[in-house]
Amino acid sequence: MPGDFGVLLRRYRLQTGWTQEDLAGRSGVSVHAISVLEAGRRKPRLSSVARLAEALALAPPERARLIAATDPAPDPAPDPDAGPEQRTGSRPEHGGVRYQLPADTRLFTGRTQELEQLLALAEQAPEGNAAGMVVISAIDGMGGIGKSALALHAAHRLRPRFPDGQLFVDLHGHTPGTPPLGSDEALSRLLRSLGVPPQRIPADLGERAACYRDRLADTRTLIVLDNAADSAQVRPLLPGTPGCLVLVTSRKRLVSLDDAHLLALDLLSGPEAAALLHQAAGPDRIPVGHPAVADLAELCGHLPLALRIAAARLRHQRTLRIEHLVGQLRDGRDRLTRLQDEDRSLAAVFESSLAALPDAEQQLFRRLGLIPGPDFDAHGVANLAGTDHRTAERLLESLLDHNLLTQHTPGRYGFHDLIRLHARTRSDSPTESAAHGAALERLLDYYQHTARLADHQVARRTRPQSAPTPPAGSPPLPDRAAALAWLRAERANLLAATAHTTARAQYPRTIALTASLASFLLLDGPWAEAAELHRTAAAVARELGDRLGEAGALGDLGRTQHATGNYPGSAELYQRTLTLHQELGDRPGEADSLHQLGRVRVLTGDYLAAAELHERAALLYRELGDRPGEARALCDLGRARHSTGDPAGAAELMTRVLTIQQELGDRRGQAGALHDLGYVRHETGDHSAAAALHEQALAIYLDLGSRQGEAIALWNLGQARHETGDHPAAAALHERALVIFRELGSRQGEADALHGLGRARHRTGDLTAAAELYRRALPIYREVGSRPGETELLTSLAALTADTTGPQAALPLYRQALRLARLTDSPLDQARALEGAARCAADLGDRDGAVTDLRAATELYRRVGAPAALQRAADRLTALERPHGSVPTARRSAPGGVNSPPPKG
């Protein structure tokens, strides 16, 4: 009987008193194999029988009997008159090859979570899925990502749970040079593996599938279907009853396998990629902790196949160092050709994925290589392909399903880095150069046109630009929020597109596209990047003789220099634009230049010049009927008036501005007016009203998505909280503002936030931290040329020095602040410096000097309309002038003032 071998083996083992583990250890045959043989579920190999007999020390007769028991009775000859059911119904206990798994790889790394999911699925196999059917896991991912390696590694781990066999079929869904295996041929191979003689395999596909399901019924069998082309190829190969587990791998997402557990493989993490490189390169081939490992993993795209090929080069080329290999792979044009060996090629893997697609998808894939940025949407692709939005969306989804594209955000698609290189290589085809050139022009027209539409929603004012050819279609941008969302999504593409416009014929596009991005980049930064774009636009406009375009680009460059804190540089640029606009007779441009130049003069402390420039700008705007422009000029005129000691006039102007902006419905303008009015209220001592106004401004800036406005409002609100005594809240607000200012690249804003945070630390008693913050802020103020900021900082530093070192060291700092305040003609800053100097003089016993300084300070406070500060200084003066009055000697920090607010966006 077929089971005699198992019975005999078990008898001989028990006679020795050994367990299956004991016999396995002495014979070299695995415990699992001994268990299967004793159960009679497998015909033993003669080599295994010989090892078992030797380990058991069987006598010659017993050895011969054991060997004889391995020969099963022959199958009866088939009855030619029997029907298909009778011919295929018997299940021979032996015959076929049921244990077919290819060898597991020693280089398996990572995939811990995915492996756990597959092992957990195996637990469901005996009962099946929720519908009582066979359990299926469909593993998908791009070529080279390690789908087969994961499936085989899991299958080897699962072998003991499926003692009736482990079947393996390569379906050749994406094998270069080999067509996909038909379901009928795959079934034929599987049935032969299950012991069905070839002559008993039905010819009809349906009957063949039924025979296969019958053979697997009530068994615990694991089936690995590797490299599937699609769901249709797989569906006939699925068992019909519980007990079995099927692992399917495919580069395509098999979404129509409704009962399958879908497992999409992602790239290896950094540590996993490094571990694979070390393992595959061999012991000690890559020094532990070598800094080039991360670079090599990045250049290989964290793709397992690429990592193995790169490691193989290191393993076999002993003179090749990892840093040299990294240098070779940095050349994107040559990287794919270096990532191949005698039988593995990334380019071939990607090409085999592409070859399985219809012509339309293949053509789109090649054209996607033309897109300059990292990701894209269906609107851009529709223009690139010259088709409609719905068709573009369908083609993109097809490429996504075949794992030739990725998607991390709904509606936006991208490439894996190495697949992008392959697509760009394919897009360089000489035979399609004309078609690809036209496709790229359509895409650039789309970007230029849509950026211009978005700019009309985002910018407070736009200027005339050359209009591109209208695109076939573009997304709706009904409001500012939609425009900002589109600009932020397409930011990388739009910036990369400017690099595609370097030919002279494309100079007009360079000027127009950069102009359309100016307001957005001023809003979101980073400003250093924006400045470089505007320099390029100004240069090409000058080369073309486009003086208006040059003036516009110089003005945009001036605004970025203004935002970064380069006030001398921005003033020089605004002066140049003013001259150009005046020579061209461009009165709107002249008004804008006057206004911008006035804003810089405020920040450098030249308040009288600033007021004169803003008055000229406001008058010109009024003559042009430009109410938004007039409102902005009046607002900044109010700031200049306030700084020259006219707080009432400043408040009146800013209230008028707020009314105009409300009438215009300009929410950004309203936020600016609230901000400036809050600043005046703060300076006049009405801190509660100031805080309320800054909170309103902050809410609008947040709603508009203006990061610069948000930072300014946070900073101002922090100042108000500081003055009302809530120093922890002030510190938190200044910290938030500091993060944003740094991200934007605003040096003035960074210094202001450091200063405000230092004042909060001073008031909460952390004097060491306060000193460090002041130390970091002071050189920034000097670097950007902000005299008002430097003056304020010196006043705060003097107050801190009085608390830590004493009045003798603090007094020179107050005197230095006073000199700067007089240079900028800022009465409020002069008053604060005088008040602090008086305090030091009194502590040092110089009553007359203290009285003189306090009298001057009270007069200045009265002039600028700062009642709280006036009352404080007057009380101090009264105490000093009282005959034989006692003068308090305990030093308190003089309330520091508030810096001039950072420029509004």
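This is a short tour of a predicted model, with a selection to make at each stop.

**Stop 1: the second largest pocket**

Start by selecting Gly144, Ser148, Ala149, Asp226 and Leu305, which lie nearest the centre of the second largest pocket. The space in there comes to about 800 Å³, and 29 residues line it. If you colour the lining by class, you should get ten nonpolar, eleven polar and eight charged residues.

Now switch to cartoon. Which element gives the most to this lining? That's α8, with four residues. α8 runs over 147–158, and at least two lining residues apiece also come from β2 (166–170), β3 (222–228), β4 (245–250), α14 (304–316) and α17 (346–355).

**Stop 2: Thr249 and Asn227**

Stay around here and pick threonine 249, in strand β4. Buried or exposed? Its relative accessible area is 1%, under the 20% cut-off, so threonine 249 counts as buried. Show its contacts beyond four places in sequence and you'll find Ile139, Lys147, Ser148, Ala151, Leu225, Asp226, Asn227 and Ala228. Draw a C-alpha to C-alpha distance from threonine 249 to aspartate 226: it reads 4.9 Å, though the two are 23 residues apart in sequence. Aspartate 226 is one of the residues nearest the centre of the second largest pocket.

Hop to asparagine 227, one of those contacts of threonine 249. Asparagine 227 sits in strand β3 and is buried, at 14% relative accessible area. Check its backbone: phi is positive, about 65°, and this is not a glycine. Most residues other than glycine have a negative phi.

**Stop 3: the second largest cavity**

There are seven cavities of 30 Å³ or more to explore. For the second largest, select Leu107, Phe108, Thr109, Arg111, Ile145, Gly146, Ala149, Leu150, Leu268, Leu276, Pro304 and Arg308, which line it. The space inside is about 90 Å³. By class the lining splits into eight nonpolar, two polar and two charged residues. α8 and α14 each supply at least two of these residues, and both helices also feed the lining of the second largest pocket. Ala149 is worth a click: it's in this cavity lining and also among the residues nearest the centre of that pocket.

**Stop 4: helix α25 and the turn after it**

Next, select residues 507–524, which make up helix α25. How far apart are its end C-alpha atoms? They are 25 Å apart, which agrees with the 26 Å that 18 residues should span at 1.5 Å a residue. Look along the axis for a kink of about 40°, centred on alanine 518. Turn on the surface and α25 is mostly covered, with 16 of its 18 residues buried.

Step off the end to glycine 525, just after α25, where phi is positive at about 65°. Then inspect the bond from glycine 525 to proline 526: that peptide is cis, with omega about -10°. Most peptide bonds are trans. Proline 526 belongs to the loop between α25 and α26 (527–544).

**Stop 5: two last picks**

Select alanine 57, in the loop between α4 (46–56) and α5 (60–68). Its phi is near 55°, a positive value in a residue other than glycine. Alanine 57 is exposed, with a relative accessible area of 66%.

Finish at threonine 795, in helix α39 (residues 787–804). Threonine 795 counts as buried, at 5% relative accessibility. Leaving out residues up to four places away in sequence, threonine 795 touches Tyr814, Ala817 and Arg832.

Technical notes
Residues are numbered from 1 along each chain as its sequence is written. This is a predicted model: local features need pLDDT of at least 70, side-chain atom pairs count only at pLDDT 80 or more; totals for chains, interfaces and linings use all residues. Side-chain values use heavy atoms; hydrogens and water are left out. On a 1 Å grid over the protein atoms alone, a cavity is a set of points where a 1.4 Å probe fits but cannot get out, and a pocket is an open set with protein on both sides within 12 Å along at least five of seven lines; lining residues have an atom within 4 Å of a point. Grid points are joined across faces, edges and corners, and a volume is the space filled by probe spheres set on the points. Ala, Val, Leu, Ile, Met, Phe, Trp, Tyr, Cys and Pro count as nonpolar, Asp, Glu, Lys and Arg as charged, and the others, Gly among them, as polar. The expected span of a helix is 1.5 Å times one less than its number of residues. The bend at a residue is the angle between axes fitted to the seven residues ending there and the seven starting there. Buried means under 20% relative accessible area, exposed over 50%, partly exposed in between (1.4 Å probe, protein chains only). Contact means heavy atoms within 4.5 Å.
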